[in-house]
Amino acid sequence: MTTAGPIAPTRNAHAGFSISRFLERWGVVVAFVLLFSVSAFKQGGDFLNVENFRNLLNSNAAVGILAVGMTLVIISAGIDLSVGSMVVLAAALGTTAMNRLIELEQPELVAVLVGGALTIAAGAAAGAVNGGLVVFGRIAPFIATLGGLAAFRSMALALADAGEIRSQSSSLFSTIGRGGIPLFGLENNAGRPLTLSYSTVIFFTVAVVAQWFLSRSRFGRHLVAVGANETAARYAGLAVGWVRFRAYLIMGALAGIAGLVNSSRMNSVSTAQLGLGSELDAIAAVVIGGTSLRGGFGRVWGTVVGVLILGMITNILTISGVSPYWQGAVKGAVIVLAVLVQRGSRE
Amino acid sequence: MQATQNAFFEAPRAPEGKPAARRASLNAVRVTVEYPGVRALDDVSISFRGGEIHAIIGENGAGKSTLMKVLSGSIRPTHGSLTLDGSTVAFAKPADAIRAGVSMVHQELNLVPTLDVAENMLLGREPRKLFGFSIDRSAQHRRAIELLSLLGTDLDPGRMCGGLSIAEAQFVEIAKCLASDARVLIFDEPTAVLGERETSRLLSLLRRLRDEGRAVVFISHHLDEVVAVADRITVLRDGKMVHEFVRDGTGVLREAVGAPGDSADESVLARAMVGRELGSIYPPKGSAMREAAAIELRNFGAVGRSHGISLSVRPGEIVGLAGLVGSGRTETAEAIVGLRRATGSVWIDGVQQTFAHPRAAMRQGVAYVSEDRKGRGLHVTLSSVINMTLPTLDAHTRAGGIALDRRAERAVTERWIQAFSIRCARPELAISSLSGGNQQKFALARWLETKPRVLLIDEPTRGVDVGAKAEIYRIIADLARAGLACIVISSELPEIIGLAHRVVVMHAGAVAGELPRERLAGADCEERIVRLASGLSEEKEHRS
């Protein structure tokens, strides 16, 4: 097929070029290039430094993983407000289990692997709860996951008395979040070899796999069909509930992965802070990336660009010395602008 | 007291009861509308006069919708202009047209489901009291009753619009137009969603609006309705006006320009629309193949909607399911394939089956094509390919059923485009860009691709033009001849009589009677069906 995007062309039914239609489709790329140029102009060599990118990717990997999952949920015409709380609950459970194993004098590798697997499994379990409430309990996704937003964090707080859970692993655990693959021939500012962090690799792997599933798999097609018109999907013989349930389940597992990336990077879990407000960042990235909040249309690659745009904005504002208190206002304006531009000719 | 307050706070309204003095005349003068690459309307001049029902007919794509959009202010013509009562008007948006007295009754009804009938009718022009701060509910109620009685309906203004039937909602929609003092009313296929009885009520309402001096513009695919009700008929073809017929003093429709030919009937109109001779649009009927039923319903029903239905269809047989809208036909079909809870039993090829889900029905060779193409039958925002392969997606996968085989998807789509001569240049575009007839062919094709043995097809030609109708009839007849057992649900009596081997009539959720093949030829057969469908009991002896 000659289509460039996964399912995007179906929206643009008419031939001929128009600016609004172009922006609707490629606006997010245009915005990325503009921001990139502004950064390069303002910061010169500092910005065009490879290490700068490495850090940009590294610090946004966890929220990026969440945003990829959020893209799938939103395409199914749902929403998940509980992602930040799933991150902290999964990380708290996984880290606690890992510490327990180390206390029991199990080999560190075993403890880290079991702890990591448990983090992802706990996230998936929380996602299954969300999916169950939405699909079988027939609760609106907004409400069901609003409950999760409160409940999952509260469980994590109770587990650690609202404190911090420090990892007992000597260095192996933190390698996941801090280590990386050496990029030969590149050095950082301190003269040490530059690495592509494992968390960035995980983020991109998740994104590529999700994009492939969305545009090339039966599940992705079902997701789009259910999100575009649930009734019509049911009439076409699709197992609508199962499709939606899986979207929340995958979201939960990805929240677990994001929790693992975060806790290993910090080498601890702050139950009061970790993942706080990241549902908004994830949703913002999805919207900036051009996925329709009404469901039935979306693209993972757009979300990835959206994550980078948000990260770059923070970067620029911080370097330009703008007060952190104002950064929220700028981000808010960008989100609204993104929606206005991409609404374009859809009306 | 309240009445005086109203008079004070409301905008002055034209005196009622003297409509003749306010007869509108809306003219389209040499209107051309161009889209990139297409001329949707080409130099069309038409006048719509108060006190006249003016029907616009034409195949899909002939320019009817474009003309209506121009008249109602949704789009502005590329060339040409509109005049209202002799002076030129330019409608920038529908609100301008409504203010000038030109209202459109849309195919899709736009009522707020959580507001009641009176609130919907007077939305945005509520009578006020307390210096305009509060809605005068009793005045609103009175005004609603006044308008509804003008339409000859006793609908309760306090009912929530969410609970109205389609026919009732349409009445509210029309009353809403009258509330804005519409002098030109445009009806875009108003009968497409109505059953026989609701249709005749609507047609008499059109006459009533005309007799009050309003200009009524009527678009319909149903030529019998057009012949019955129109005073003037304009035929559009490829964006041009090709014929105009006027009803003369003796009530006969004749060509308005040139030599007044013979009186125009439905077949003359059909010929005028397509510009060629149409044979009988109903193909010859085949015969059933064997005695054993492909599908049998025993004491079947959709919970709360229908009951006690016993019916069997043999391979090669087409059974028509007639009845009024709301008689439980659609719900029964939906219950068969597991879209609704059912009572009683379904037997497929002699084996009892319970379908929890359309997919389960599909596995046993039972397919249901929905009446509601936009809302249920198709995903209008998605591409033709995606729509085509959705029910059979499992068959178009590689790598153990996970990856889609997009080449195979494309190939199967192209195959059906060929087989049904679907006009679809780019199947990767949204299916909503196709005409109703071509969409319907895809809706049918996607289920035929599941290789069904039993086909339940609901309103197969709703919103489809005459040419495509004939093709769909031929397709259904061919399918039956190839051994499919078909149940055709339709509100169009000629269609059901022309197509089916026998007709089962439903009334209030139960089978009211059945007309076997030999009774379908008689001249009084339409009347018999109507009587059964309305619950008149004389025909009970035909139940077998």
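Visitor: In what order do the six strands of the open sheet in chain B stand, and what makes two strands count as paired?

Guide: In this predicted model, the order is β19-β22-β23-β16-β24-β25 (chain B), with mixed pairing. Strands are DSSP runs of E with at least two residues, helices are runs of H or I with at least four, and both are numbered from the N terminus; two strands pair if DSSP finds at least two bridges between them. Residues are numbered from 1 along each chain as its sequence is written, and chains are lettered from A in the order in which they are written.

Visitor: Why are β19 and β25 of chain B said to stand at the edges?

Guide: Each of them, β19 (366-369) and β25 (510-515) of chain B, has a single partner strand, so one side of each is left without a neighbour in the sheet.

Visitor: How do you know that β19(B) and β22(B) pair?

Guide: β19(B) and β22 (residues 454-458) of chain B share four bridges in the parallel sense, and the definition asks for at least two, so they count as paired. In β22(B), B:Val454 is the bridge partner of B:Val366.

Visitor: What makes chain A as compact as a globular protein of its length?

Guide: The radius of gyration, taken over C-alpha atoms, is set against the globule rule, 2.2 Å times the number of residues to the power 0.38. For the 347 residues of chain A the rule gives 20 Å, and the value is 21 Å, which is close, so chain A is as compact as a globular protein of that length.

Technical notes:
This is a predicted model: local features need pLDDT of at least 70, side-chain atom pairs count only at pLDDT 80 or more; totals for chains, interfaces and linings use all residues.
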